[in-house]
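Trainee: Please show me how to read burial, charge pairing and metal binding in a model.

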Amino acid sequence: MLEILRLIVQEVSAARDLQGALNVIVGRVKSAMTVDACSVFLADKAAREYVLMATDGLNPEFIGGTRLGEGEGLVSMVAQREEPLNLEDAPAHPRYRFFPGTQASHFHAFLGVPIIHHREVMGVLVVRQEARRRFSDNEEDFLVTIAAQLAGAIAHAEKNGDIDRLITHQGCEGQALDGLAGAPGVAVGTVMVVYPSADLNAVPDREVDDADEEVGVFKAAIARTKADIRRFADQLNGELREEDQALFEAYSLLLSSESIVGKAIERIRAGSWASGALRETINERARVFDEMEDPYLRERASDVRDLGRRILTHLQSGEKQAPPYHENTILVGEEISATMLAEVPRERLAGVVSVRGSSLSHVAILANALGIPAVVGVDDLPVSRLDWREMVVDGYRGRVYISPTAAVKSEYQRLAREEAELMAGLEELRDLPAKTKDDVRIPLYANTGLVSDVNSSLNSGAEGIGLYRTEFPFMVRDRFPGEEEQRKIYREILEGFAPKPVVLRTLDVGGDKSLPYFPIKEDNPFLGWRGIRVTLDHPEIFLIQLRAMLKASSGLSNLQILFPMISNVAELDEARGLFSRAYDELLDEGVTLTRPKIGVMVEVPSLIYLIDRIAAKVDFLSIGTNDLTQYLLAVDRNNANVAALYDALHPSVLQAISQIVESAHSYHKPVGVCGEMASDPAAVIALLGMGVDSLSMSVASLPRIKWIIRNFSYGCAQTILRQVMAMDDAAAVRRHLDGLLEEAGMGGLVRPGR
Ligand code: PEP
Ligand code: MG
């Protein structure tokens, strides 16, 4: 059974649409269970009915036509009770309903299981048999397992509007999809789908005007792939047994076959671009092998997919280098990397939307840094069908509208205009100090990891760099950057900002930040080898970085060094020891240096209770609320499934920060906040009340946060803090603080519009 299940799941995931998936299910289940009929009924929520959507065994003419109202028939009874119904003789049941013509009356045995996703009944899966019999426990378990697998696909299709289209045969214009707020702001623009190279399943649908030209492109890619295969075969000639050499012959045959080349060309002639035609053809062919009984032949499916990737690589290498970016480009992808984002000219990039990620993943942090509205974690986004469609991005609510209706579009255009006016108004604050109404100064610093941000950070009115994430320059290289290479990068930032302070954080890799040339594979990466744990285990890497930072600061006195992920005193002692070694070495080498301030990130909860011991050994503390929140609440900061539980306004997080600040102050050590919480207008009111000494945030957030500082008093923020600290949950705290911003006339900082 497990093998059959695996096959069904594989086929369902490969199906291009819901109807295809349902047809696969009913056919496969019918033959696997050797029953006489298998059918799927889906919930039409608007009509409060269950509609027959696929069947193998009942009269197919009734697909879409047979509808059972709530409380009507056995199918709706399964849905209502939310549990399987196993009957030896269905027609004898009082709830049985007879549908003439469907042929259901031929059957006696009935087993129906609900299809449930996230506690909601999406439909019912039914098998029937002519003979009177009770289905076994094993059969029931099998059907329940299939229904659970199907539930995700149906929920996905429902979000995409596929179910509505199937049930009502209508289009999906104007459909809204929810994800997570990644970066604030709203945008209206045209989608450009980006996808990683050589990933067949990520290839979007596109149309071509000139089919002949596209066929030529495809044939050229096939010819190049054939040449590769010939070269591989020649290279290994003599080293392989004859039967293994046959593998290359099989590859060459596939590359001339009608089933791949001919079929793909047929699809191109029907209007698809070469990569899309290749994706469809390869998947179709691989599925045929997947279904084979013989394990050897089944393995050939991976050869077909491998071949597909090779052809795709050649197709992509021939693609035009710079795609014509629309003037309001909404970059959409399964996962968007820093380089994909960087490729779009800044003035053309209007919004960013990704299937994966959360508000703290790197795409969101980068979008924030650039001031581009972003929605992430939209797990139901039909990426392959979005290219060149119009889209509205609401980065406050975490919502996108695909092909918005005229009304939605014009509303968002108005909101975008209002927002631009609001921001232009805030620009005027640029040269004014960040000072509360009762004269408390809270310096505002910028978070960055890009050298190119120096100018925008300077222009934003930032009083320094509060967090420079050094892992970014490490990530975009193909090896560890050397001492001189790093020195130049750090020098540019230190010089650009001098005499304003610049906090360089030592390498913080691990967790979700991996270096392509230094992969760390762990079961629980956020609880594993990350941050200072890695650099202390690799003193050679750490010392090079510390030396580069110190050398870069020669002749300047604005460098501060920050250690990430410290969880105990010994780690801090070791890090300080290595720092002193690098410092003394450089003095011995004759480099002129001012001893930099040393700080520690407070982002692991164990440090909350060690502030007394830590404070004595450092010059400053910087609270990393992104990690502190994830570790305190046991909520993965990148997991969209639990994103609703992740909120830095949780009363425990507020308590923790307040305790850290109080404790650090009792040792006369300044404490700032450098996590995304410092960019959150509502949260800043609470942080102000706690008496944090500085805030460090994305440049794009600086004007709005300055506005808050200048429009609240420290005294008033303390009162508000006392009120919110007494509340039970983050949602209540957020409602209260958002309400205060609305009252102060600045609701536009937490929702679209003015
Ligand atoms: C944090 O954890 O709050 C932080 C600023 O560091 P990062 O987001 O880079 O982990
Ligand atoms: Mg962190």
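Mentor: Buried means under 20% relative accessible area, exposed over 50%, and partly exposed in between, using a 1.4 Å probe and protein chains only. This is a predicted model, in which local features need pLDDT of at least 70, side-chain atom pairs count only at pLDDT 80 or more, and totals for chains, interfaces and linings use all residues; side-chain values use heavy atoms, without hydrogens and water. Residues are numbered from 1 along each chain as its sequence is written, while chains are lettered from A and ligands numbered from 1 in the order written.

Trainee: Which parts of the chain does the salt bridge between Arg734 and Asp647 link?

Mentor: A salt bridge places a side-chain nitrogen of Lys or Arg within 4 Å of a carboxyl oxygen of Asp or Glu. Between Arg734 and Asp647, the N to O distance is 2.9 Å. Arg734 belongs to helix H26 (residues 730-743), and Asp647 to the loop between H21 and helix H22 (651-666), 87 residues apart. Helices (H or I, at least four residues) and strands (E, at least two) are DSSP runs numbered from the N terminus. Arg734 is partly exposed at 24% relative accessibility, whereas Asp647, at 14%, is buried.

Trainee: Which residues are the protein donors of the magnesium ion (ligand 2)?

Mentor: Donors are N, O and S atoms within 2.8 Å of the metal (3.2 Å for Na, K and Ca); water is not among the atoms, so sites may look incomplete. Here they are Glu603 (OE) and Asp627 (OD), 2.0 to 2.1 Å from the ion. Glu603 sits in the loop between strand E19 (597-602) and helix H20 (611-615) and Asp627 in helix H21 (residues 625-633), so the pair ties together parts 24 residues apart in sequence. Both Glu603 and Asp627 are buried.
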